[in-house]
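Me: I've got a model open and a handful of labels I'd like to understand. Can you walk me through the reasoning behind them?

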Amino acid sequence: MTIRPKDRKLAELILFISERSEGDLRFGAAKLNKLLFYSDFAAFLLFGKSISGQEYQKLAGGPSPVRWMAIREALLDRKELAIRDIDSFKKKQERPFALRSASLMGFTADEIALVTKIIQQSWERDASESGYFSKDSVHWDEYVEISETIPYEMAFLSKRHPTENDLKHCQENAALAAAVFANPRKVRLIDAQAFLDGRVRRPTRRSGAARAAHPEKPAGTDATAAKRSAIRRSNRGKSAAVVRRDA
């Protein structure tokens with residue numbers, strides 16, 4: 001069974017977490033889904049985008065990638081992943097085992113470091129525990145209904161009351177925003193290309209060819225530039241002391 005190119009990164013992430021969690025007695029399919037969820041949402045919080053690019057939904061047992069079952073079945077069919085029934089703490093659980101090491105070519109060093117940190121922080125924790133996010137975080141199970149997609153933006157939300165630093169930061173930004181909007185001049189956002197291609201900023205000096213094309217300039221300007229250029233050329237072979245004196 002083939003794995004779609006857009007699903008390949010999640011497939012490799014499943015294998016990576018399964019291999020790294022092999023010694024975790026609490027690791028099972030439910031915890032794997034939680035670790036995938038925490039990794040992607042923490043990456044969105046820290047880096048501005050998720051690792052796998054996948055959507056997550058709320059299920060009765062916890063958050064899960066929408067494409068989880070399809071990708072899992074593909075990995076099982078390709079004999080790259082195995083699922084075994086394990087007796088763990090007086091209950092049955094499905095424990096995934098990676099049958100090959102994950103290919104990490106499509107991942108950044110920061111992404112791998114983040115996933116590794118989340119695995120370590122969640123080691124031997126039950127799948128029902130909070131894991132990466134603190135108790136102050138707004139969790140998926142409080143505001144999302146069963147089968148609904150969990151918005152990545154929930155990673156930015158918190159239940160704790162704002163601190164003095166939070167309030168100070170908001171006040172500073174509010175004052176800046178008020179000053180900008182009170183300005184009668186038109187304010188617009190520009191990107192780097194618009195800033196650098198000359199539409200916004202133009203050089204203050206022009207080349208000799210550009211100056212020669214404008215006869216309205218005061219007489220002697222080009223002659224002065226040529227004289228300075230000749231002095232610089234003659235100074236190239238002199239010592240530093242002579243150059244400073246002639247300059």
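**Charges, rings and a helix**

Reply: Sure, starting with a charge: in this predicted model, R84 has its charged end over the ring of F97, 4.2 Å from the ring centre.

Me: What makes K9 count as lying over a ring, and which ring is it?

Reply: The ring is that of F107, and K9 lies over its face at 5.1 Å from the centre. The cut-off for a charge over a ring is within 6 Å of the centre, so the distance part is met.

Me: Why is the pair F37 and Y56 called edge-to-face or stacked?

Reply: Edge-to-face. The ring centres are 5.7 Å apart and the planes stand at 70°. Centres within 6.5 Å make a pair and planes over 60 degrees apart make it edge-to-face, so both tests are passed.

Me: What does that pair tie together?

Reply: F37 belongs to helix α2 and Y56 to strand β1 (residues 56–59), so the pair links parts 19 residues apart in sequence. Both F37 and Y56 are buried. They also belong to one aromatic cluster, together with Y38, F41, F44 and Y152. The whole structure has 7 aromatic pairs.

Me: How do you know that α4 has close to the expected span?

Reply: Helix α4 (residues 109–121) has 13 residues and reaches 18 Å from first C-alpha to last, close to the 18 Å expected at 1.5 Å a residue.

Me: Which residues of α4 are buried, and what covers them?

Reply: Buried in α4 are E111, I112, L114, V115, T116, I118 and I119. Their cover includes α1 (8–20) and α2 (29–47).

Definitions and conventions: Residues are numbered from 1 along each chain as its sequence is written. This is a predicted model: local features need pLDDT of at least 70, side-chain atom pairs count only at pLDDT 80 or more; totals for chains, interfaces and linings use all residues. Side-chain values use heavy atoms; hydrogens and water are left out. Helices (H or I, at least four residues) and strands (E, at least two) are DSSP runs, numbered from the N terminus. The expected span of a helix is 1.5 Å times one less than its number of residues. Buried means under 20% relative accessible area, exposed over 50%, partly exposed in between (1.4 Å probe, protein chains only). Contact means heavy atoms within 4.5 Å. Rings of Phe, Tyr and Trp (its six-membered ring) pair if their centres lie within 6.5 Å; planes under 30 degrees apart count as stacked, over 60 as edge-to-face and the rest as tilted. A charge sits over a ring if NZ of Lys or CZ of Arg is within 6 Å of the ring centre and within 35 degrees of the ring normal.
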